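Student: I would like a close look at one helix and the way it packs against its neighbours. Please then set that packing beside the contact between the chains and the salt bridges.

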Amino acid sequence: MPATKTAPPAKKAGSSPLLSLWKAYNETTSTRLKTIDSFLVFLMLSGIVQFLYCILITNFPFNAFLAGFASCVGQFVLTASLRAQVNPANRNEFKEVSPERAFADFALGSIVLHFFVYNFLG
Amino acid sequence: MPLAYSLPSNLSPATVTNTSSLLRIISLALISGAAIASRLFAVINFESIIHEFDPWFNYRATRVLAEKGFYAFWNWFDHTAWYPLGRVVGGTIYPGLMATSGVIYNVLHALNLPVDIRNICVLLAPGFSALTAWSTYMFTKEMKDESAGLLAAAFIGIAPGYISRSVAGSYDNEAIAIFLLMFTFYSWIKALKTGSAFFGTLTALFYFYMVAAWGGYAFITNMIPLHALTLILMGRFSSRLYVAYSSWYAIGTLASMQVPFVGFQPVRTSEHMAALGVFGLLQIVAFAELVRAHVSSKQFQSILFGSVIGIGLLGALAFGGLTYKGWIAPWTGRFYSLWDTGYAKKYIPIIASVSEHQPTAWPSFFMDLQFLIFLFPAGVVLCFRELRDEHVFVIIYAVVASYFAGVMVRLMLTLTPVVCVAAAVAFSSLLDTYIDPVEPEASDAAASPAEGTSAAGAAAAASDAGSSKKAKKAAAPDPGVASGILAAVAPSGSGPKSRGIFGLDTRGLVVFNALGMLLFFVLHCTYVTSSAYSSPSVVLASTNPDGSQHIIDDFREAYYWLRQNTPEDAVVMSWWDYGYQIAGMADRPTLVDNNTWNNTHIATVGKAMSSSEEVAYPILRKHDVDYVLVIFGGLIGYSGDDINKFLWMVRIAQGVWPEEIQEPNYFTPKGEYRIDDAAPATMKNSLMYKMSYYRFAELFGGNQAVDRVRGQQVPKTGPTLDYLDEAFTSENWIVRIYQVKKEDPLGRDLKAANAFANGKKRKKSKPLSRRRAVA
Amino acid sequence: MRFLRTLLFPLLALTSFALARSSTGDSVLVLLDPSLKKENYSIFFGDLEKKGYKLTFRSPKDTTPEIIKDDVAQFAHVVVFAPETKTFAADVTPQSLVSLLSKNMNLLLALSPKQTPLTSLASEFSLILPPPGTPLISHFPKRDTPATLIPVQPPRAHHVISDNLAPVWFSGVPQSLGHNPMLIPLLNAPPQAFASDADSDSGADALVEAAEKSGEGLWAGSSLSLVTGFQTLSNARATWVGGVEMFSDEYINKEISKGVKSGNRDFARDVTAWTFQESNVLRIDSVEHNLVNETLPGETYTINDQVTFTAFISKYDPEIGWWRAYSDIDDMQLEFTMLDPHIRTSLPPVEGEPGMYAVTFRVPDRHGVFKFNVDYKRKGWTYLTSTSMVPVVPPQHDGYPRFLSAAWPYYAGAFSTSAAFILFVALWLAGDDRELKKNKGAKAE
């Protein structure tokens, strides 16, 4: 997630809040969540690239764009959901969802998502 | 705590749990049975037949699916509909219904149960109503508890508001859509409660099914975002909401685009933008929450402030820009007509001409929902008392659906489930309060009245008049009682259950009253269902003087005449209402049908019907029309005939050809709509008038002919037809079929040819008059 | 196909009379008024019988033999030589004569200056007759015959009438033609001729006056027709003759000038040949349509397909009494129609394939029910009409181009997401054990 922070607040907040944010993030986040975050960053970059390609060059096979872009977005939000569920800080919010259950849900959702993506791609 | 009446104390908790769950299962089974049984009136009173209009198309499509397989169905181009334009059926329908029947058909055949596809289609709606009852039970269980769930299931099972669209034979999208609607909502609530991506995915999958099944999916598309937005605004954002909504939206939207009829609409039209907007908002809020978790609140606020404003502005600009550039379609006319009830009449007469698009009349609320309609507000108020996330949902649903049900008769259907849920919550609160001194028995005790309800469905006929009278008396003071209950319940809160009711007499009175209400509800539902909602409208029933039933079967008589006596490619023109039936029963190409996608084509038919023969004939020939079919009720008083719909034809035609067709020409100078001697010439010369009253006066053998629908006297010398031949008139004259004449072989216009054939002397149409030569 | 069938079926059925000279049958009913002696027309009738026609004679007032028995036509052709008969039997009223045409019987009708039921029938054929009692008169060229007996030059370069016929003797009533395109003038009046009371020229003034009143001009000049053919939409033919004497032995034998025989006999032969469907009879044997490079006919076509339409046309040859492939039509057109013609193209004959006409075109980018329409109507020739319906459908759901090069970033995006997902799952599951241990360790602490 860190890479995304630079964009919107840079205009207003200056660098000091960001620095502290980065610091806090590094300190309090477990490696596991960092794995998730790096995955999220990858997905976000991939989505941005596709979106730019669509806007700047062509959106002609619109269904392909939607499929590609939606696969990024969908995977992103599913992963973000997983992140929220396994985050120990959120334990009390997800009483019924254990991390294992969360991962199973995540895998199921992703598989369904990819099924529709490939159905829509061609 | 003192008990009002003694409870058996020697029961182990396990026994109680087991018994209550057993009772629940039995109750649900009985409710399902009652739900199915009460929908079978149509089959018993008439026969196993597809009803009305749209179901005929669905049935026909299902037959194609069952015979030719799914791929052929997907690519089905129906060249007999909208002749000669044809209809790309695969891309213009919601295939969910047909696919469901197709799957059932194939499964049954794989099990060596050779069931006729028609019976599957006829019985699909009752079958799904049982599932609806079950999903309503699940939904209500999330709201309150099992006992309320059972009540809700019983209510939805027999509520006429839902039965009206799901009797056996009413093979329409709504038949399965209400089940899908309730199950989608249930899994949404479940996903929201648990924060599980699994239920989110399930919501998305059922949402997909719903999209594939009914155009009303837009209701879900906007309800869930509205709910999410309300929760955010109430400051109830949680990661659970994020998980539930994101997983639903991401998968559901992508899935919904797989349906060809929907296509790219979810990213292109305004109706779907709310869901997208809320999705974006959730991402921002979630991100903000994440950041807050990591930094101090002051810094956070500065970051938050900047980013929220920036992103908000950006989003609004993007939406406006995209709409402006035409990337996002503005709202459609059908959508506007939901906000402005007069809109459709002004701009889209086709929509306004459909009776189920009219605003709802007040009595129909009571007719369709009976006592549920006044328990409904009580239930909503009870939701306010607890106001958990799911209660917010019910409240929003109730408000939105009430509005829509008021705007359009048809949307009564979406209101019915929430009324049942809310009423069940209220009713079970009442029973909870009055029956149970001890909490653990709640479900058990509430289950039995529910069971009684369903059992009463079967036994309703048996109950004697005396008891129903009592029930009536009991039902009368209901509102007072209900508010009294509210007042009694309100202060008690959710603390220890110290409901201050003592004495068996009070309890007995109230409970007896309540049971009376339930009983009366059952009687009402049974009566309404059997009398009002079970008519197939293809077959009409009337009563003979001796009280026995007389079946009027003119429609099928005429359609089978067409099927037997005309060439297979004979094009039949009729008003669009009958298009699906002609295609389904007569199997002949039609010009227009109930899938009213092409206004111009409909207006063309309207023009042909409302112009004189000379003007209509070229139109008929151009469209290769061989037969024209009109519905005429003047002989037996069937009021839904074409003369009564005629003004809509005129209006729709006028919308396209304002110079040639003008509505005022069809009224008398006093502004009356008449068909007797005083009818204006335009009216009398119109093809529709001529076809309806052709030779009608002869039937009365010199007596004054009377049109029984309009109650007017028909002129003794009826209209003459030059360009059409009467081909068939059904027993009661409801359906009249005319054959369009071919061009005259001698190249004369048919009027002249007809005059010649009748031996009339040619008038002075010739350039040189027949004079004697001067000697 | 329906129209084609209705067109072809009677023709095919009737051509089974292989001996007949006509394409529709050889039985002829002659309604001969008793006042016209059969002997006076012996050459005309003899010529017909020589050609192979079976003639049945009947007086217009007789009721037998019936023309139509049990709704079945008993004759292929009817000759009505009753120009002065005022009352006819019930089955030869004007109405029933029209119904004979719709049963594809051919009519040869003779008119006279007298007012008869046939006069009113003529107006149904868009023929406008002068007032009763006004035959055609011409004072030119100077000759020793009455002014009403006129030598008329038959038309040159006419599809129906042979070239270079000698002038024919005519006496009778002219017809002015209405706007009906089905009319074919077979013999036009000489330019100097006009219709008038035959007794004297003085009556002409009344005619002029009447003509001016009705604004129609004078009954005069070469626009008047003397013998008029009419072909109905169903290809039945009816010929109106201004005077029955044309066919009489007397006129046939009368010399036009010294040593030159009149053309009446040849003219009568041409007129009957046309009327009885011997000459100028065409038919469409069959039509086919198929995708280019395929031979089986298509049931449906997809938009933008290349489609070939083929028609086989033959012409009736009275010499052999059978049909011959006919390739001489060069102005036939094919329309591909849905409400309006979307494509209109010429349908030229194929070289080396007698009787075959073919064209290949691209189906328009519009789905719907289209019709291949051939509608060839030329004066004097059988109308050729053929309609075959075919649905044009949009491409199948897998008929669109897939896997476009422009979309590769999207494909890459989707596949990379899937790959990353699998990688992530693998990492997660691999990391799970460590994590669990860590957790356990943490718990132990």
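Tutor: What follows describes one helix of chain B and its two packing partners, then the chain contact and the salt bridges. The model is a predicted one, and every value below is computed from it.

The helix in question is α10(B), which spans residues 173-194. Two packed helices are described by the angle between their axes and the distance between the axes. Helix α7 of chain B, residues 117-143, packs with α10(B) at an angle of about 20 degrees, and their axes lie 8 Å apart. Angles under 35 degrees count as roughly parallel, and α7(B) and α10(B) are therefore roughly parallel to each other. The crossing in which α7(B) passes α10(B) is left-handed. On the α7(B) side, the residues that meet α10(B) include B:L124, B:F128, B:L131, B:W134 and B:F139. From α10(B), the residues taking part include B:I178, B:F179, B:M182, B:F183 and B:Y186. By class, this contact of α7(B) with α10(B) comprises 17 nonpolar, three polar and three charged residues.

The second partner is helix α23 of chain B, residues 412-435, which packs with α10(B) at an angle of about 40 degrees, with the axes 10 Å apart. That angle makes α10(B) oblique to α23(B). Here α10(B) passes α23(B) in a right-handed crossing. B:E174, B:I178 and B:M182 of α10(B) meet B:L413, B:P417 and B:V421 of α23(B). Five of the residues in this contact are nonpolar, none is polar and one is charged. B:I178 and B:M182 thus appear in the contact with α23(B) as well as in the contact with α7(B).

Turning to the chains, the size of an interface is often given as the accessible area lost when the parts come together. Chain A and chain B bury about 3,400 Å² between them, with 75% of it on carbon and sulfur atoms. A:F62, A:E93 and A:F116 supply 17% of the area that chain A buries against chain B, more than any other three residues. The contact draws 46 residues from chain A and 38 residues from chain B.

Between chain A and chain B the count of salt bridges is zero, whereas the whole structure holds 47 over all chains. One salt bridge joins B:K751 and B:E614, whose closest N and O atoms are 3.2 Å apart. B:K751 lies in helix α35 of chain B and B:E614 in helix α31 of chain B, so the pair ties together parts that are 137 residues apart in sequence.

Note on methods:
Residues are numbered from 1 along each chain as its sequence is written. Chains are lettered from A and ligands numbered from 1 in the order in which they are written. This is a predicted model: local features need pLDDT of at least 70, side-chain atom pairs count only at pLDDT 80 or more; totals for chains, interfaces and linings use all residues. Side-chain values use heavy atoms; hydrogens and water are left out. Axes are lines fitted to C-alpha atoms, for helices over the stretch in contact, and angles run from 0 to 180 degrees between N-to-C directions. Helices (H or I, at least four residues) and strands (E, at least two) are DSSP runs, numbered from the N terminus. Angles under 35 degrees count as roughly parallel, over 145 as roughly antiparallel, 65 to 115 as roughly perpendicular and the rest as oblique. A crossing is left-handed if the near helix is turned anticlockwise from the far one by less than a right angle, and right-handed if clockwise. Contact means heavy atoms within 4.5 Å. Ala, Val, Leu, Ile, Met, Phe, Trp, Tyr, Cys and Pro count as nonpolar, Asp, Glu, Lys and Arg as charged, and the others, Gly among them, as polar. Buried area is the accessible area (1.4 Å probe) that two parts lose on being put together, summed over both. A salt bridge is a side-chain nitrogen of Lys or Arg within 4 Å of a carboxyl oxygen of Asp or Glu.
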